[in-house]
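Work through the exercises below with the sequence and the model open. Each task is followed by a solution in steps.

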Amino acid sequence: MNYERINSWNDFFLAIKEEDFSKSLHSFLDNEYKNNKCMPPRKDMFKAFSLTPLDKVKVVIIGQDPYIGDNQAMGLAFSVPNGEELPPSLVNIYKEIEREFSEPMDYTSGNLEYLARQGVLLLNTILTVRKGESMSHDIKEYQEFTKRVMELLDSKDTPMVFMLWGGYAKKFSVYVTNPKHKVVTAHHPSPLSANKGGWFGSNNFIQCNSFLVDNHLSPIRWCNKPLTKN
């Protein structure tokens, strides 16, 4: 694929539309959504791409697959809709943001659209899942899809930060070969991993912003509360 000619997510989806893996994935999803309860709602499966245009991407956060409970998955990695209880991993993400920036987070909202609109691509490598069955859509077609997305992102000259949390996400570092980009790693924020060390105190959000500023890009406002005026 000639990534130099792809300047938008729409270009990307058109470029892969007729490829075998894309047709196979489409058929698989047609069958799954017809015969099973799947997450997120199909209309939301590409929300990460619609909220964060390709030419606006500054940060890429890699997730695995969507939450498997009712009303949790919304098409953005780690995010849940307003009104839903924060999953434990997201609670730990908020705690680390609070620690790094000494600002309180709003724990009543787990909706991360505020990050997506700032240029943070919240990318699950598997965009869908069957209700109650983690990794149930872990198929080779999604692996190829994510590979193409990562290669496209890596081909861009605008500096980006790839935030890879935990062993699964770190595997995707092989796709980041452009020296203009930066990879920031930490343990996964899930309690099982975070409580063993390597998440709290990682300063990965500060590292991210420092890289963006050094490359003359605006930093991310990680806190989800408005700035208060003194």
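**Exercise 1.** Determine in which sense strands β2 and β5 pair, and over how many bridges.

Solution. In this predicted model, take β5 as residues 161–165. Its pairing with β2 is parallel and runs over three bridges. To place the register, start from isoleucine 61: its bridge partner in β5 is methionine 163.

**Exercise 2.** Find how β2 pairs with strand β3.

Solution. Strand β3 covers residues 120–124. It pairs with β2 in the parallel sense, over five bridges. For one position in the register, look at glycine 63, which stands opposite asparagine 124 of β3.

**Exercise 3.** State which residues of β2 point one way and which the other, and whether they are buried or exposed.

Solution. Strand β2 spans residues 59–63. Val59, Ile61 and Gly63 point one way, while Val60 and Ile62 point the other way. All of these are buried. The strand is thus mostly covered, with five of its five residues buried.

**Exercise 4.** Classify the aromatic pair of tryptophan 199 and phenylalanine 205, then decide whether each residue is buried or exposed.

Solution. The structure holds 17 aromatic pairs. In the pair of tryptophan 199 and phenylalanine 205, the centres are 6.1 Å apart and the planes stand at 90°. An angle over 60 degrees counts as edge-to-face, so this pair is edge-to-face. Buried means under 20% relative accessible area. Tryptophan 199 has 0% and is therefore buried; phenylalanine 205, at 1%, is buried too.

**Exercise 5.** Name the residues that form one aromatic cluster with Trp9.

Solution. The cluster joins Trp9 with Phe12, Phe13, Phe46, Phe49 and Phe145.

Key:
Residues numbered from 1 in each chain as written. Predicted model: local features only at pLDDT ≥ 70, side-chain atom pairs only at ≥ 80, totals over all residues. Heavy atoms only, no water. Buried < 20%, exposed > 50% of the residue type's maximum accessible area, 1.4 Å probe, protein only. Helix = DSSP H or I, 4+ residues; strand = E, 2+ residues; numbered from the N terminus. Pairing = 2+ DSSP bridges. Phe/Tyr/Trp six-rings, centres within 6.5 Å; stacked < 30°, edge-to-face > 60°.
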